[in-house]
Amino acid sequence: MKEVVLGLDISTSKIGICIMDYEFNLLETVLLKLNTKDELEDRCFQIEEYINKINKNNYFIKNVYIRTPF
């Protein structure tokens, strides 16, 4: 299983996700569009579902970095 870094850029309607290895190779980028009409918990479940999918792709998320608000 490959150790990776998970980067998140979170807003109320979208989440930018990037996965890179420790040699600075970009492995995956995704833009999750969230339905703002959904409850907050439902949006959290959507994010959780995607992160669980990442872990099944033979990646081990060792570190998580979240962009701070501007």
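Twelve residues make up the largest nonpolar core here: Val4, Leu6, Leu8, Ile15, Ile17, Ile19, Leu32, Leu34, Tyr50, Ile54, Tyr59 and Ile61. Strand S1 (2-10), strand S2 (14-21), helix H1 (40-56) and strand S4 each put at least two residues into this core. In soluble globular proteins, nonpolar side chains do tend to end up buried together. Keep in mind that this is a predicted model.

Zooming out, the chain has 1 helix and 4 strands, and along the sequence they follow the pattern β-β-β-α-β. The C-alpha trace spans about 40 × 30 × 15 Å along its principal axes. Of the 70 residues, 23% count as buried. The accessible surface of the chain comes to about 5400 Å², and 54% of that is supplied by carbon and sulfur atoms. As for contacts between residues at least 6 apart in sequence, 39% of them join residues at least 24 apart.

Back to the core for a moment, with Ile15 as one of its members. What does Ile15 touch, leaving out residues up to four places away in sequence? The list runs Leu8, Asp9, Ile10, Val30, Leu31, Leu32, Leu34 and Ile47. Of these partners, Leu8, Leu32 and Leu34 also belong to the core.

Now for a polar spot. Asp21 sits in strand S2. Is Asp21 buried or exposed? It counts as buried, because its relative accessibility is 4%, and the cut-off for buried is under 20%. The side chain of Asp21 has a polar atom 3.0 Å from the backbone nitrogen of Glu23, and the backbone nitrogen of Asn25 lies 2.8 Å from a polar atom of that side chain. Here are the two pairs side by side:

| Backbone nitrogen | Partner | Distance |
|---|---|---|
| Glu23 | polar side-chain atom of Asp21 | 3.0 Å |
| Asn25 | polar side-chain atom of Asp21 | 2.8 Å |

Setting aside residues up to four places away in sequence, Asp21 also touches Lys2, Glu3, Val4 and Leu27. One of those, Val4, is a core residue.

Not every nonpolar side chain is tucked into the core, though. Ile10, Val64 and Ile66 form a nonpolar patch on the surface, and together they have about 270 Å² of accessible area. Val64 is part of strand S4, which covers residues 59-66. Why is Val64 called partly exposed? Its relative accessible area is 45%, and partly exposed is the class between under 20% and over 50%. Ile10, also in the patch, is among the residues that Ile15 touches.

Definitions and conventions. Residues numbered from 1 in each chain as written. Predicted model: local features only at pLDDT ≥ 70, side-chain atom pairs only at ≥ 80, totals over all residues. Heavy atoms only, no water. Patch = residues over 30% accessible without salt bridge, like charges linked within 9 Å, V, L, I, M, F, W, Y side chains within 5 Å. Areas by Shrake-Rupley, 256 points an atom, 1.4 Å probe, with all protein chains shown as cover. Salt bridge = Lys/Arg side-chain N within 4 Å of Asp/Glu carboxyl O. Buried < 20%, exposed > 50% of the residue type's maximum accessible area, 1.4 Å probe, protein only. Core = buried A, V, L, I, M, F, W, Y, C linked by side-chain atoms within 4.5 Å. Contact = heavy atoms within 4.5 Å. Polar contact = N/O pair within 3.5 Å; in protein donor to acceptor, adjacent residues only side chain to side chain.
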